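Open the model in your viewer and keep the sequence panel visible. The stops below go from the whole chain to single residues.

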Amino acid sequence: MIPQPLRMERIWATRRRMAPRPSAPAARLRPALARGSPASRGSRWLDEEVGRLLFRARRALWTAAAGRLEARGESVLAWQLLNQLQRCGPGTQREIAERAAQHPTGVSRLLDELERGGYVRRSREAADRRKLRVEITPAGVTRLEQSRPEVLTAVDEVLRPLSLGERDALRALLDKLSAE
């Protein structure tokens, strides 16, 4: 058994390491990265850094869009599903969940709500009656287009530090990463 004071010291040390830190502007973060070149730290470090920054960027985008949509009484996930249906066309519930990177059960519940609101329509597939095919309705397209300016404003706020050329380069890199 670990003596009580030692256990408490470990807990406090863990809490100090995990305590939320104030976010620093990107300019203050750059000198820390310059201390050692990525080549000297290795590809594992670089992969970890890229992954961390992608997660942070995704969270910043999601949070900004969610805040704007929630102010209108809308859900960012519902917007994402409607946007996906408009861009990619109809799909099965499983395909929609995979493209949205969400659990199929949660997507099914959200599609129930969207269907009740008249924003999507579900029908059985002729080839496999077990599968439900989902498509966006004209009311869904209208809802999507009415909220699109809010989402684009949120995206612009997050991407504001990047020039138009940098945004285009980022889009090309992310497209390369997500190509299947």
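Start with the whole chain shown as a surface: its accessible area comes to about 13,200 Å², and 56% of that belongs to carbon and sulfur atoms. Keep in mind throughout that this is a predicted model. The chain has 180 residues, and 23% of them are buried.

Switch to cartoon. Nine helices and three strands make up the elements of the chain. Read from the N terminus, their order is α-α-α-α-α-β-α-α-β-β-α-α. Of the contacts between residues at least 6 apart in sequence, 47% join residues at least 24 apart.

**Stop 1: the core.** Select Leu81, Leu111, Leu114 and Val120, the residues with the most contacts inside the largest nonpolar core, which has 24 residues. Then colour α4 (43–71), α5 (76–88), α6 (93–100), α7 (104–116), β3 (132–136) and α8 (138–159), since each of these elements gives two or more residues to the core. α5 provides the largest share, with seven residues.

Zoom in on Leu114 and show what surrounds the residue. Leaving aside residues up to four places away in sequence, Leu114 touches Ala78, Leu82, Tyr119, Val120 and Arg143.

**Stop 2: Gln93.** Next select Gln93, which is in helix α6. Is Gln93 buried or exposed? Its relative accessibility is 17%, so Gln93 counts as buried, the cut-off being under 20%. Again leaving aside residues up to four places away in sequence, the partners of Gln93 are Val107, Ser108, Leu111, Arg122, Leu132 and Val134. Leu111 among these partners was also selected at the core.

**Stop 3: a pocket.** Keep Gln93 selected and add Thr92, Arg94, Pro104, Ser108, Arg130, Lys131 and Leu132; together they line the second largest pocket. Two of the elements, α6 and α7, each supply at least two residues of this lining. How much space lies in the second largest pocket? The volume is about 180 Å³. Coloured by type, the lining residues divide into two nonpolar, three polar and three charged.

**Stop 4: Ala101.** Finally, move to the loop between α6 and α7 and select Ala101. Check the backbone angles here: Ala101 is not a glycine, yet has a positive phi of about 55°. Most residues other than glycine have a negative phi. With a relative accessibility of 64%, Ala101 counts as exposed, because the cut-off for that class is over 50%.

Terms used. Residues numbered from 1 in each chain as written. Predicted model: local features only at pLDDT ≥ 70, side-chain atom pairs only at ≥ 80, totals over all residues. Heavy atoms only, no water. Core = buried A, V, L, I, M, F, W, Y, C linked by side-chain atoms within 4.5 Å. Buried < 20%, exposed > 50% of the residue type's maximum accessible area, 1.4 Å probe, protein only. Helix = DSSP H or I, 4+ residues; strand = E, 2+ residues; numbered from the N terminus. Contact = heavy atoms within 4.5 Å. 1 Å grid on protein atoms, 1.4 Å probe; cavity = no way out; pocket = protein on both sides within 12 Å on 5 of 7 lines; lining within 4 Å. Points joined across faces, edges and corners; volume = space filled by probe spheres on them. Nonpolar A, V, L, I, M, F, W, Y, C, P; charged D, E, K, R; others polar. Areas by Shrake-Rupley, 256 points an atom, 1.4 Å probe, with all protein chains shown as cover.
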